[in-house]
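Biologist: I am new to this structure. Could we go through how to read a few of its features, step by step?

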Amino acid sequence: MIKIANISKWYGQFRVLTDCSTQITKGEVVVVCGPSGSGKSTLIKCVNGLEPFQQGDIIVNDISIGDPKTNLPQLRAHVGMVFQHFELFPHMTITQNLTIGQVKVLGRSKDEAHQRALQLLDRVGLNSQADKFPGQLSGGQQQRVAIARALAMDPICMLFDEPTSALDPEMINEVLDVMVGLANEGMTMMVVSHEMGFARKVANRVIFMDNGSIVEDAATEEFFGTPRSERAQLFLSKILSH
Amino acid sequence: MSFFTQFDFSVIAPSLPFLWEGLKFTAKLTLIAMAGGIFLGTLLALARLSSITPLAMVATWYVNLMRSIPLLMVILWFFLVIPIFTGKPMGAETSAIITFTAFEAAYFSEIMRAGIQSVPRGQVYAGQALGMTYWQTMSYVVLPQAFRNMLPILLTQTIILFQDTSLVYAIGAKDLLKAAEIAGKNYGRPIEMYVFVALVYFVICFALSYLVKHLQARTAIVR
Amino acid sequence: MNYHWNWGIFLQQVQSGDETYLDWLISGLGWTVAVALAAWLIALVLGSLIGTLRTVPNRGLAMVATAHVELFRNIPLLVQLLLWFFVVPELLPRDLSLWVKQDMPAKEFFTAVICLGLFTSARVAEQVRAGIQSLSRGQKMAGLAIGFTLPQTYRYVLLPMAFRIIIPPLTSEFMNIIKNSSVAFAIGVLELTFQARQMQEDSEQGIETYLAVTLLYFIVAFSANRGMALIERRTRVPGYIGGAK
Ligand SMILES: Nc1ncnc2c1ncn2[C@@H]1O[C@H](COP(=O)(O)OP(=O)(O)OP(=O)(O)O)[C@@H](O)[C@H]1O
Ligand SMILES: [Mg+2]
């Protein structure tokens, strides 16, 4: 489904990603973790072409992201993305947030889009909020809307960039619950997260990044078991200790 | 294209000394109005922020009034009214200097007010704790900081002021634009003169705004 | 001070005809409003376009936009007006040039509108650019991530918020354009300032004249201000800074 092949990226002189390769097959859930500034966000944004890269290629559903002839908007319409800071459109109601992409990008009728929006709001437990604006919701509610917005496009896979790290602790679970539900339904997911509990529960594989490189890429049990790199060990002991 | 050949820019060179006189008046007007405007503007800002209500009200009124009428109207106003009050006619140049100083004071006062408000309240307490009077606290502690914080904006306003001085044209004061117009008439070449004078304004304003941008980038790093 | 007040002057007839001075001022007001509104339309449309272009990831377009802003920002308005009126017609092809100089209807009005519109478009462009740049990078990414093209992202995500944010500075620009329209007197547009000067010379009641005209400018600027405040209230986003909860 997603094949990342020898990606390298520079910001001017500064090398953010060094020769990263991995693969995510259909239905797989992969969690990416690593210290701050290691390049996780950059890597996940390369997957749908939000960040350009200079070397290597990424293939999503048999389409090359690096190929300048690729119609990126068309591809992105089918790759859902959820951001750390939600990034809902503040001037639109919750329902409008969920319908605008369906109508303007997928060409669905307003009615159809509305139906789908209500269905998804119900699923993330927010149908009573349909006519509110993003600024009137809590962080956890906003992030659930953001997930619903991505799902409204009927994505073939979902990318999450630290979806819970901007949330107060008591709201983290309501978002994780939705994500666990998705994983259990067989959605292909790439999740940048430090939620190791979530990783243990649903991830098939865990990727550990440091300094722009993929240091570990292992099955979940293996990652949380003994054999792994020193740096990953150190990182894990730090985040698991509290 | 044929119509370009009609232009004759050779008339510029002989009229340069005359234009230079005009530019000197423009510069003089700009500098006096800047210095006087910032001085009066600072007093107005202090008045607006003072706890003496009538003083604050008068200052607020003055600033709002000046800011809501076209500068051109203010120029005409002063040119008309000052002689009525003083009883004797006044030259366009003197009238322009008074008008611009009074007018710009309103705009500079808004900038200085923002600058004063950007200085943390603790600085005032610190000054008072050292036993300073109001005026001492203001002149040694608050105003220097306010002035430094607002320097780029004060300079940007001065560039606008420099451009606006061309409006003294309306009362016939001999600034750069008026000089160009007169020279253009004398040589029968107004078009070339307008183009030249536009170029002079552009070069000066562009260079000054570039300097301000530079200064802004530097002060941004210092803070 | 020995000034002879005469408040009845407005209802008196002008020296050379059967109009009253009040008629002069009212028609001046009409021209002022017409010049300001028409120029504002140009400034808004062009300024939005140029300001947007300054933020797009395309060197060439951004440079053209920057050049536009620098050009119209660094020459005094009055000088620009004289350029438009006296110089630009000379640069046109022969036939067009002749038509502009001899036959063009309301030549002064259109010249003033174009000049003031372009002058203000540079300032509007700077505000629009600042508004767009004040939005987080994530907003643009979120737009692109749901499959919008870059133009769609601007149209549905960035510009609607940017415009809401810059309503206060746009209000000042709107009031500026009304004040700045007074320079149009220099090329003979019969707007308020022109009429004020004419009435002052004709009636020799300068103070009454200027007081009345100042009041009229006040009223126009104040109405513009209230109009923009209404728009600001109407477009306010609930839950957003300054918005109703
Ligand atoms: N637009 C940019 N220009 C230059 N450098 C950047 C830019 N964006 C990110 N970087 C740098 O690239 C590196 C990787 O950033 P990235 O956001 O991918 O890290 P991350 O692993 O997601 O960290 P975090 O956990 O803090 O989100 C960092 O060192 C960052 O400073
Ligand atoms: Mg990140």
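Modeller: We will take aromatic pairs, then charges over rings, then a pocket. Keep in mind that this is a predicted model.

Biologist: How many aromatic pairs does the structure hold over all chains?

Modeller: A pair of aromatic rings is described by the distance of the centres and the angle of the planes. Over all chains, the structure holds 17 aromatic pairs. One of them joins C:Y3 and C:W5: the ring centres are 5.1 Å apart and the planes lie at 75 degrees, so this pair is edge-to-face. Planes over 60 degrees apart count as edge-to-face.

Biologist: Are C:Y3 and C:W5 buried or exposed?

Modeller: C:Y3 has a relative accessible area of 17%, so it is buried, the cut-off being under 20%. C:W5 has 41% and is partly exposed. Both rings belong to one aromatic cluster, formed by C:Y3, C:W5, C:W7 and C:F10.

Biologist: What sort of pair do C:W40 and C:F174 form?

Modeller: C:W40 and C:F174 are stacked, with 4.8 Å from centre to centre and 20 degrees between the planes. Planes under 30 degrees apart count as stacked.

Biologist: Which parts of chain C does that pair tie together?

Modeller: C:W40 lies in helix α1 (residues 21-53) of chain C and C:F174 in helix α8 (residues 167-180) of chain C, so the pair ties together parts that are 134 residues apart in sequence. C:W40 is buried, at 8% relative accessibility. C:F174 is also buried, with a relative accessible area of 11%.

Biologist: Where does the charged end of A:R149 sit?

Modeller: Here one looks for a charge and a ring together. The charged end of A:R149 sits over the ring of A:F89, at 4.5 Å from the ring centre. In chain B, the charged end of B:R67 sits over the ring of B:Y107, 5.5 Å from its centre.

Biologist: Now the pocket. How many residues line the second largest pocket?

Modeller: A pocket can be read by its volume and by its lining. The second largest pocket holds about 480 Å³ of space. Its lining has 20 residues, and B:L46, B:L49, B:S50, B:Y134 and B:M138 lie nearest the centre. The elements of chain B that give two or more residues to this lining are α1 (12-49), α4 (92-118), α5 (121-129) and α6 (134-164).

Biologist: Which element gives the most to that lining?

Modeller: α6(B) gives the most, with 5 residues. Sorted by class, the lining of the second largest pocket has 14 nonpolar, 5 polar and 1 charged residues.

Methods
Residues are numbered from 1 along each chain as its sequence is written. Chains are lettered from A and ligands numbered from 1 in the order in which they are written. This is a predicted model: local features need pLDDT of at least 70, side-chain atom pairs count only at pLDDT 80 or more; totals for chains, interfaces and linings use all residues. Side-chain values use heavy atoms; hydrogens and water are left out. On a 1 Å grid over the protein atoms alone, a cavity is a set of points where a 1.4 Å probe fits but cannot get out, and a pocket is an open set with protein on both sides within 12 Å along at least five of seven lines; lining residues have an atom within 4 Å of a point. Grid points are joined across faces, edges and corners, and a volume is the space filled by probe spheres set on the points. Helices (H or I, at least four residues) and strands (E, at least two) are DSSP runs, numbered from the N terminus. Ala, Val, Leu, Ile, Met, Phe, Trp, Tyr, Cys and Pro count as nonpolar, Asp, Glu, Lys and Arg as charged, and the others, Gly among them, as polar. Rings of Phe, Tyr and Trp (its six-membered ring) pair if their centres lie within 6.5 Å; planes under 30 degrees apart count as stacked, over 60 as edge-to-face and the rest as tilted. Buried means under 20% relative accessible area, exposed over 50%, partly exposed in between (1.4 Å probe, protein chains only). A charge sits over a ring if NZ of Lys or CZ of Arg is within 6 Å of the ring centre and within 35 degrees of the ring normal.
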